[in-house]
Amino acid sequence: MPPPARRVAASRPPSLIEIATVFGRISSTSFGGGQMAAIRREVVRRNGWLDETEFLELFSIAQILPGANPTNIAVLVGSRLRGVAGAAAALLAAVLPGFLILLLIAAVVLEAHLPALRGALRACAAVAVGLTLANAIEMTLPRRRDLVQLAISAGVASFVIVLHASLWLTLLVFLPVAFVATSRSAR
Amino acid sequence: MFVVLSLLGFGGGSAIIPQMHADVVDRYHWISSATFTQFFALGKLAPGPTTSMAALVGYAVAGALGAVVATAAIFLPAAVVVYAVGHGWDRLRGNPWRDRFARAMAPVVLGLMWAGVVTLARGAVDAPVTAAVAVVAAIVLLRTDWNQAVLVLAAGIVGAFALR
């Protein structure tokens, strides 16, 4: 089954500057979460650096490992593309702009209460919801005929939404099920 | 401070926020609980991961240098672990267990993604305007290859006027 990425994986690895530019742009424009979705959009859909399967793989690792997921995936993508230097460039670009903007916003918001600024930031957070929604739809569409996978995804989603289950509990419950189900459907 | 925060860095994503609260407020009394909540809200408002709020804690404790130290301490240790695991994972290429694991994780991750949509929406969709912005953003992102910065900018302008 072809991945839904619009572009075939690039033949040449991107330069450090390209990596830093993409992750810097993501981290300075992702408000209120939704960074993972932004990263997938840039890395898979817009630049074609990784295909959907590779991204899902790195995404899985980033979820399981300790640390903030968006910075984890920045390190993983950077190192997959350009080794240690790529990982360092991606991490720096993922952390620095947000850090500076945070200090700036803190200075402004803590000093003066600007309702217009708060309104603007709320709307930006709503974009993050739209972005995550768009990604979830895009990732689901190619699997829409695989009822087993859809059932597992739906189970995971409701488990987390309704019971507020932690990541580890969710993995403990669903990973064995998924393991059995997907290895059977592959044959 | 270095040590405490870098240990915190291993707690994992926003799950470490309660732990951070316990440490910087209850244990070390660096800042008050009210200040912590305010920092948390700012961390969510600013772009980038919420854990960057560690920078604000560092700033409150030790000024600009504190902000830099806290930020490095919270992201670096985890980044090293992640790099090492990613490297090990790449070396397992061709191992059948690796493929089976990746295949099993795919639907689970997809479910987590949908749960993420709901979690984010609970916090961010609090008015008809924000709901509309979210839906319009999703449609635009699905249909075009636009840079998300354009949308964020447009939403910011809409919000500044419509959400006071």
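Q: How far apart, in Å, are the end C-alpha atoms of helix 3 (residues 52-64) of chain A?
A: First, some orientation: this is a predicted model, in which local features need pLDDT of at least 70 and side-chain atom pairs count only at pLDDT 80 or more, while totals for chains, interfaces and linings use all residues. Residues are numbered from 1 along each chain as its sequence is written, and chains are lettered from A and ligands numbered from 1 in the order in which they are written. Helices (H or I, at least four residues) and strands (E, at least two) are DSSP runs numbered from the N terminus, and the expected span of a helix is 1.5 Å times one less than its number of residues. Helix 3 of chain A has 13 residues and should therefore span 18 Å, which agrees with the separation of its end C-alpha atoms, 18 Å.

Q: Which residues of helix 3 of chain A are buried?
A: A residue is buried if 20 or more other C-beta atoms lie within 10 Å of its own, exposed if 12 or fewer, and partly exposed in between, with C-beta atoms placed from the backbone. In helix 3 of chain A, the buried residues are A:Phe55, A:Leu56, A:Glu57, A:Leu58, A:Phe59, A:Ser60, A:Ile61, A:Ala62 and A:Gln63.

Q: What percentage of the residues of chain A count as buried?
A: Chain A has seven helices and zero strands, giving the pattern α-α-α-α-α-α-α along the sequence. Of its 187 residues, the share that counts as buried is 50%.

Q: Which element of chain A has the highest mean pLDDT?
A: pLDDT is the predictor's confidence in each residue, from 0 to 100. For chain A the mean is 82, and 87% of the residues reach 70 or more, although the value is below 50 over residues 1-10. Where pLDDT is low, the predicted coordinates should not be read in detail. Among the elements of chain A, helix 7 (residues 167-185) has the lowest mean, 83, while the highest, 91, belongs to helix 6 of chain A.

Q: Is A:Val156 buried or exposed?
A: A:Val156 is in helix 6 (residues 147-163) of chain A. Leaving aside neighbours within four places in sequence, its contacts (C-beta atoms, placed from the backbone, within 7 Å) are A:Thr170, A:Phe174, B:Val108, B:Gly111, B:Leu112 and B:Ala115. With 27 other C-beta atoms within 10 Å, A:Val156 is buried.

Q: How many other C-beta atoms lie within 10 Å of A:Thr170?
A: A:Thr170 sits in helix 7 of chain A. Beyond its neighbours within four places in sequence, A:Thr170 is in contact with A:Val156, A:Phe159, A:Val160 and A:Ala165. A:Thr170 is buried, and the number of other C-beta atoms within 10 Å is 21.

Q: How many residues of chain B take part in the contact with chain A, and which helix of chain B supplies the largest share?
A: The contact takes 83 residues from chain A and 74 residues from chain B. Helix 3 (33-45), helix 4 (53-91), helix 5 (96-124), helix 6 (128-143) and helix 7 (148-162) of chain B each supply at least two residues of the side that touches chain A. So the two names asked for are 74 residues and, with the largest share of 21 residues, helix 5 of chain B.

Q: Which residues of helix 6 of chain B are exposed?
A: The buried residues of this helix of chain B are B:Thr130, B:Val133, B:Ala134, B:Ala137, B:Ala138 and B:Leu141. Seen down the axis, they fall within an arc of 130° (the arc of the directions from the helix axis to the C-beta atoms), so they line one face of the helix. These buried residues pack against helix 2 (35-46) and helix 5 (115-140) of chain A, together with helix 5 and helix 7 of chain B. On the other side of helix 6 of chain B, the exposed residues are B:Pro128 and B:Arg143.

Q: How many residues does the largest nonpolar core have?
A: A nonpolar core is a set of buried Ala, Val, Leu, Ile, Met, Phe, Trp, Tyr and Cys residues joined through C-beta atoms within 7 Å. In the largest one, A:Ala90, A:Ala126, A:Val127 and B:Ala155 have the most contacts inside it. Leaving aside neighbours within four places in sequence, A:Ala126 is in contact with B:Ala124, B:Val125, B:Thr130, B:Val133, B:Ala134 and B:Ala155. The number of residues in this largest core is 103.

Q: What percentage of the residues in chain B are buried?
A: Chain B has seven helices and zero strands. Of the contacts in chain B with a separation of 6 or more, 38% are between residues 24 or more positions apart. Among the 164 residues in chain B, the buried ones make up 45%.
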